[in-house]
Amino acid sequence: MTERVRRYWRRRNRHWPGRGFRLQVARRTLQVGVLVLLVVIPTLSLYDNLRNQRDEVGIEARWDTSLVHQLVEDLDDPSRVTQSVRGSVWTLKVGELVISDPLAVIDFIGAARVIFDHFLITALIPVLASLLLGRVFCGWLCPADLLFELGTKIRGWTGIETDVGFARITKFAILALGLVAGVVLGTQIFAEIYPPRIIGGELYLWITFGVVSAGAWFFLALLAFEIFVSRRFWCRYICPGGALYSLLGRWRILRLTLVAQECTDCTRCNAVCEFGLDPMRGRFGQECNNCGLCVRACAPGALVYRVGLRPRDGRDVLPAAEAQVS
Amino acid sequence: MRRRELFAWIGRIAKGLVLGMLGLGGARLFRASLVSAEAAPPGQHPLRPPGALDEPKFRAACTRCFLCAEVCPVRCIEFPSRVEGAQPPLHRARGALPRRQIVAPVWQGGDTPYILPWKTGCIVCMKCGPACPTGAIRPIAENRDAIKREVRMGLAEIDRKICLPWTRTSWCGACLTVCPYRDLAITVDHRARPTVHAEHCIGCGLCVEVCPIRHKAIAVKPPFSPDRGEVRAE
């Protein structure tokens, strides 16, 4: 990047509220895209079934009025397109590439008590991404996070102030307990309580079979609890996946950092932080998901992304001179 | 009428419409979730997909990704949270208890794939095996001999008390016609009375699907059933 462009960006970014806005647009686009994908994939699967019925049995269902059919009917081989992507955020299959949630792999190892290498390597990409970028799945991809943030918005509109806090260590305890329970019961516990999997699974069931299972009611109850009782209760205190990503992202390379000299102590960043962290003092800890809400909120531009190692005391604070370099 | 009142009325009507639609939608969703408790004909069992591991191992290994159902071309793989055995009014003597739950609840491995053969049988296309990321469903070659050697979803049993040819009611032969191992797994004698041969039957459940008797004269007993324990020794 040339010096001129850099100066232009710095000038644009320094003035609130432009700073970090594009980052939020990108984040929301990605989250909504994931949610749309969770609807599109079962629809494609259903369309494949209808096509198959027509080709094999000759049943002309309502399939030729479907939107998918309008889109793919002129292609040479529609099934190559419609069968190219399958699954959900729990286990996604794009062509031959399979990507699994690391929690699914951990859960599988706990319950099945075997290490199945074909399944193990499917978690490689998320694990590497978490090691480098931190708890980035939570903030940028998780469909539940989008709905929970909507819950936070509703809290703001309705003016609900109740916020019951728990100990953050609870989620690590639940991660360990769930593993033990999985070993004892011989079934995968996290799959039943992990909101991203629940959303993907229930959307699939609803679109394909027209029914939902207990998971949908569990998630709705959770959302109501977040709105009326405790803000971001699940992600902060309970989520086993969040705990796993926190552990993986402890030594992340991409770190939000406070430039101490520019901070005016306005506490705006602490107010917007979805996980209730302390960006104003640089205490992002292992739980920061690099969502950039605090960057957006910071008027003087004291919060910046930095590529570097974890500071020894765990406080990401820089003097201004070093911040200029990054 | 004043303009403000008019707006208030329009607002009220719109609110009523929106709330009513939400309520109806919610009620429909709720009813749909209850309907998933469906009734099975007496003596019927839910089956696991072809090539699945033994039941306890399968429950431990299944990661509930629903990929097997997404690739199933006939959509026979379902995720019933519970299936209840129906009360057989005419066959009380067969020992089926009323409203017997025959699919495990969520905390014991619900949300795992089942095939309900009285609704849709498995066409043994073997697409679910390669789709399974955890190997809970083993990939088996789509080959007639390999399938017959490897796949044991269950064993079909004919109830001679209600089967049409066996009761001399009429000719039938539906199960014979649809069986993928016709004249091996199911044979008929000179009176069209079907017989199942255990060494060839893979338990796909197509015969159950086509059986014209309402209470199904043929049933597939899985090797391991949640309610009965070991049904068939391997």
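1. Accessible areas here come from the Shrake-Rupley method with a 1.4 Å probe, and for residues only the protein chains shown count as cover. On that basis chain A has an accessible surface of about 16,000 Å², with 65% of it belonging to carbon and sulfur atoms.

2. The model is predicted, so that local features need pLDDT of at least 70 and side-chain atom pairs count only at pLDDT 80 or more, whereas totals for chains, interfaces and linings use all residues. Side-chain values use heavy atoms, with hydrogens and water left out, and residues are numbered from 1 along each chain as its sequence is written.

3. Of the 326 residues in chain A, 49% are buried, where buried means under 20% relative accessible area, exposed over 50%, and partly exposed in between (1.4 Å probe, protein chains only).

4. The largest nonpolar core (buried Ala, Val, Leu, Ile, Met, Phe, Trp, Tyr and Cys residues joined through side-chain atoms within 4.5 Å) has 112 residues, and Phe148(A) and Ile77(B) are among those with the most contacts inside it. Domain 1 (88-252) and domain 2 (253-325) of chain A both give residues to this core, which therefore lies between them; the domain bounds come from an automatic or database domain assignment.

5. Beyond its neighbours within four places in sequence, Ile77(B) is in contact (heavy atoms within 4.5 Å) with residues including Phe209(A), Pro49(B), Tyr114(B) and Cys128(B).

6. A second, separate core has seven residues, including Ile41(A), Leu44(A), Val68(A) and Val85(A).

Methods: Chains are lettered from A and ligands numbered from 1 in the order in which they are written.
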